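Reader: I'm new to this one. Can you walk me through it in plain terms?
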Amino acid sequence: MAITDISHRKRFLAQGNVYLPHIAVIEKIIEETPGVRALHFNFKDEKLREEFTFESGQFGEFSVFGVGEAPFCISSSPTRRDRLEFAVQRAGKVTNALHRLGVGAEIGFRGPYGNSFPLDQLQDKNLVFVGGGIGLAPLRSLIWNVIDNRDKYGNIDIIYGARSPADLCFGYDLDTWDKDKGVNMITTVDRGDEGWTGRVGLVPHVLEQVAPATDNAVAIVCGPPIMIRFTFPVLAKLGFTPEQMLTTLEKRMKCGIGKCGRCNIGNLYVCRDGPVFTYAQIRGFVSSEY
Amino acid sequence: MRLINNSKKVNKRKIGKLLSQWSEEFTVFVPSKENGVVMMARWDGTDTSFLDWYRNTVLPPKAHFLPPMEEMFRFQKDKGGYQLEQPASDGQKQLIFAIHSCDANALAILDMTFKDAYEDPYYLSRRKNKLLVGLGCTNPYDSCFCTSLGSDPFDAANVDLMLTDIGDEFLIEGVTDAGKQLVAQTSGLEEATEAEDARAKEVKEASYHKVTRRIDTGDIGSKLLSCFEDEDYWEKVAAKCISCGICTLLCPTCYCFDISDELVKQQGTRFRCWDSCAFPIYTKMPMENPREEKWRRVRQKVCHKYEFYPMNFGIIACTGCGRCIRLCPVNWDITQALNSLPAKI
Amino acid sequence: MEQRLRDEAKALLEQGQVDYIVGFEPGSLKFTTTPLITRDKNDVDRLVINPFMVNNLANFLTELKGRVGIVAKGCDSRSIVSLIQDNKVAREDVVILGIPCPGIIDLSKVEGLIGKDRDELDDIIREGDKVVITADGKTGEFPITEVLYDNCLGCELPTPQEYDILLGEPTSPVTDNSASQAKIEQLKGMSPQPRWEFWSNELSRCIRCYACRNVCPACFCQRCFVEETEPQWLMPVPRWQDNLMFQVIRNIHVAGRCTDCGECERACPVNIPLRSLTKEMYDIVSELFHFKAGMDKDAAPLMTHYEQEEAEDFIR
Amino acid sequence: MRQESEWKPRLLGFLCKWCSYAGADLAGTSRKKYPANIRIIKVPCSGRVDSLFILKALRLGFDGVLVSGCHPGECHYQTGNYRARRRMAITKKFLEYMGVEPERIQASWVSASEGGKFAEVVTEVTNELKEVGPNRLFDEERDIYGTKITG
């Protein structure tokens, strides 16, 4: 059987029913950009609050009761368990409802689902993070994870872009990373404004200019589909092999556990076998299915 | 073909009695017509006229395990926040009478998905309490092609007992332990004679040859892989598809579902219902849709059944029941699509 | 007629007058046809004309890019005209290969008549006003009105009014209006409550496959209201209440576009008598506004137009 | 048991903001008496009212729906009310055919100065709805796949 065995991931099932969400409470809301907000949440159940664990790259199915469920990755790092965070871009029914919620509101959470970034394989490697827009959310979990274990990893390059300065998410993190001597932080926008003194240019172009070394390196890409599609060829041109390119994908998902059918790329289900893939795994389908 | 010997028999006129007997232990479902639509429905306790007209159902028996819609749980908000309430599982024993091999095999295929890693409690609890009484198919439709999928009209691999129509009598053979046990505790069955066993063999042989539609499944997966990117081919194949959900919703092996919430007067329900990869919104995301074009959706349907499912579970997710062909409003025919795959090196 | 159709279709493709030919070819099952949509002149030899060509091919016009040569029965041609009225199709982009239609055979009626399924029949041959059906070596002869679709029995325009090439002589319809209207009249004879019961019961079988919508040339919305999520008008789950809302609104939305081609009812896998809805709407529109869909390509679409004085007695 | 006379129908009104909505306002400010059981949604024109709104209102349990716009010839957008008229006509007839009591679907022309007429319309409609009784159209459970199939 080609698909990954994920039976060991069966943790934290509510009453044995995988579709039953845990109740969680919104503890803090940060308006990141006009369309994106970060929500800090934690479980109502004391025991779960203590025991809950996850890995960078995993996601959950978040419910707004009466509206529906949607998948979002956990954007905080497992190394900082004082809080759980996820980020939501206003786009459809559930995301709009999440944007209407206030602190104290109850939501549902199922998860964590999916695989995670392969930390063991990233050890001692030089890491090149390439992110766009809200695509920084899953990378952010890994970036903090790596920074909190800084001596285990090589150089860290972060290339992050958004449409405009106002669309840059996690500005507070960008500042911190920028000041961190162990991190090479490059921020870019598609279009600048009066106050913008940084780089202007699309993420793939900037990546090409920055041209990070490929030796002992792994590139981790996340952003809107169109950015991902244009980033892979640039990485290839720079000399990254398909095995050296990681991405985390977003699809329409309903169940989150490989049953409802809609998130497949070839025989792989993004919810079940992903969301983290190497380019080698999906390249056969990437041009036509993603 | 799996043949079982030492069978019992029952006269067709006594089927009513047999079903009544079984009704004491089980809720019995038999082929019935709801305004002309054939489906397995609760037996009314008397009518056995389906023996005269039954060929196969329109609504596949998967509907008994993965219903067109079901309540997953209810939720209500009170002072303490949201309270969730799961539907009580009925635990009642049920028996589906006269299921054909294609549909029983389809359940075994569905099992793989619903048992995989995370178990699906709704499907599996329904699966546990149902006994499948197979009826060998002696009159397959011209759209049937089960023999191309390693099966045949009398395949007993996934039923609990198997019935064979030998004219005035049905031969009854227990297949699983539960099936054998039921045969043993059923009164009024007679021993079948050797001649009748021989007759059954003839019926099976004849039925096998009545299935004439064929596909070559030999290296179908690699063929599909090699022409996955052949846009011209898929566009041509998909041209007449109207993107309705008939072939998928009524497919006994299709399991895709949608989950949605409803809130009426503070009482909330989370539903799940059948969904189809033929619908554009099935994969639609706010910014883009990976399967906006019709040919991509048709390709997904074909490849999922014949390429991806075998990659994941080692079995083709199609049992050749032919529903997708005979119910299609435009006669889109999966066997034609598979048989006309361009040869690639 | 068939040969002439093939010749004309081939010529249209060869001369580059059209990019596509849309017609019927033999289906993969007995007594069926299937749409043939092709750019290849070698395919047109498969085109057929027979009493089993059920589909309303106008449905494909809104998705094909380029000029299309399309085979059209009377009702199909009206659907094409309706699409022209709605600016969904430009008249100069279609070449209508009109077929004077003698009526299409409803296989479910044949099955009912013979007591056998379609694939168990040996032959169905139409001979003028009769149909000769062979099964198990036995032959039976029946009046054609017993096997034609209900909508064919009420056909007002068997020969296309709008065409570029007419294949054969104009034909007059074989009609049996009372048979065509029988189900509807029966419903109208009931009082409101049993009628509502009837429809809620029928629509409880709906599985929401949307075949009725997707075979319908008049249903051309880019995004159907059932797919709207903000607000969500109805649930995607096949509950009768939501099914009924879907069907009622679909009918209201295609009012003045529906040509009573009967495809929705034929396509329905769970036998919901949808034509008893669409035809009633057709009659309501005809009675209130003297409007029949797809009769005049220069006429304004029903719902974009009005007369100063019309149906107002219900307004306070 | 509740007395039939105690039951008050729930009416949903879609009122054009240029005329009927102002008319309703006027009815209020001039203290015209009319039943308080109407809930009002202001629409930019009676032509905005899709049949979907009407059906959705019935689905949500309203006993009747009233669409009210400007008198013919007085539409702020010239033709909106004429289009509404066509749509209301077929909606009403078609729903009647389905088995919905015609009293549940109501339309009126009420101008901004016709506060009195608005009060009259609501009173009449309410009385008719009282005759027809509560909307039970969507109440019944009829899920064949749930009961007949899964038991």
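Author: Start with one term: pLDDT is the predictor's confidence in each residue, from 0 to 100. You'll need it here, as this is a predicted model.

Reader: OK. Where in chain B is confidence lowest, and where is it highest?
Author: The low end is helix α7 of chain B, residues 220-226, with a mean of 90. The high end is helix α9 of chain B, residues 246-249, at 97.

Reader: And what is the mean pLDDT of chain B?
Author: It is 92 for chain B. Of the residues in chain B, 97% reach 70 or more.

Reader: How many helices and strands does chain B have?
Author: Chain B has 12 helices and 12 strands.

Reader: What box do the C-alpha atoms of chain B fill?
Author: Roughly 65 × 65 × 40 Å, along the principal axes. The radius of gyration of chain B is 22 Å. A compact globule of 345 residues would come out near 20 Å, so the value for chain B agrees with that.

Reader: What share of chain B is buried?
Author: Buried residues are 52% of the 345 in chain B.

Reader: What about contacts along the sequence?
Author: Take the contacts in chain B between residues at least 6 apart in sequence. Of these, 72% join residues at least 24 apart.

Reader: Let's look at some strands. What does β2(B) pair with, and is β3(B) parallel or antiparallel to it?
Author: β3(B), residues 37-42, pairs with β2(B) in the antiparallel sense, over six bridges. One pair of bridge partners is Val30(B) and Ala41(B). The two strands make a hairpin with two residues between them. In that turn, Asn35(B) has a positive phi of about 45 degrees.

Reader: And β6(B)? Parallel or antiparallel to β2(B)?
Author: Parallel. β2(B), residues 27-34, and β6(B), residues 94-99, pair over three bridges. There, Phe29(B) stands opposite Ile96(B).

Reader: I clicked on Thr138(B). Where is it?
Author: In the loop between β7 (130-135) and β8 (161-165) of chain B.

Reader: Why does Thr138(B) count as partly exposed?
Author: Thr138(B) has 16 other C-beta atoms within 10 Å. Buried takes 20 or more and exposed takes 12 or fewer, so Thr138(B) falls in between.

Reader: What does Thr138(B) touch?
Author: Leaving out residues up to four places away in sequence, Thr138(B) touches Asp165(B), Val203(B) and Ser207(B). Thr164(B) is 26 residues from Thr138(B) in sequence, and their C-alpha atoms are 8.6 Å apart.

Reader: New topic: domains. How is chain A divided?
Author: Domain 1 of chain A is 7-113, and domain 2 is 119-289. Their C-alpha centres lie 22 Å apart. In chain A, 23 residues of domain 1 are in contact with 20 of domain 2.

Reader: Which element gives the largest share of the domain 1 side in chain A?
Author: β6(A), with three residues. By class, that side of domain 1 of chain A has 10 nonpolar, nine polar and four charged residues.

Reader: And how is chain C divided?
Author: Domain 1 of chain C is 2-106 + 148-304, and domain 2 is 107-147. The centres of these domains are 25 Å apart, taken over C-alpha atoms. Between them, 12 residues of domain 1 of chain C are in contact with 13 of domain 2. The domain 1 side of chain C divides into eight nonpolar, one polar and three charged residues.

Reader: How many residues of chain C are in contact with chain D?
Author: 33 residues of chain C, against 32 of chain D. On the chain C side, α6 (192-203), α8 (240-253) and α10 (275-289) each give two or more residues. By class, this side of chain C has 21 nonpolar, six polar and six charged residues.

Reader: Any backbone oddities?
Author: Some background: most residues other than glycine have a negative phi, and most peptide bonds are trans. The bond from Gly274(A) to Pro275(A) is cis, with omega near 5 degrees. Another cis bond runs from Glu230(C) to Pro231(C), with omega near 0 degrees.

Reader: Which residues have a positive phi?
Author: Among them are Ala211(A), near 45 degrees, and Tyr210(C), near 65 degrees.

Reader: Is Tyr210(C) buried or exposed?
Author: Buried, with 26 other C-beta atoms within 10 Å. Ala211(A) is exposed, with 11.

Methods
Residues are numbered from 1 along each chain as its sequence is written. Chains are lettered from A and ligands numbered from 1 in the order in which they are written. This is a predicted model: local features need pLDDT of at least 70, side-chain atom pairs count only at pLDDT 80 or more; totals for chains, interfaces and linings use all residues. Two strands pair if DSSP finds at least two bridges between them. Helices (H or I, at least four residues) and strands (E, at least two) are DSSP runs, numbered from the N terminus. Domain bounds come from an automatic or database domain assignment. Two residues are in contact if their C-beta atoms, placed from the backbone, lie within 7 Å. Ala, Val, Leu, Ile, Met, Phe, Trp, Tyr, Cys and Pro count as nonpolar, Asp, Glu, Lys and Arg as charged, and the others, Gly among them, as polar. The radius of gyration is taken over C-alpha atoms; the globule rule is 2.2 Å times the number of residues to the power 0.38.
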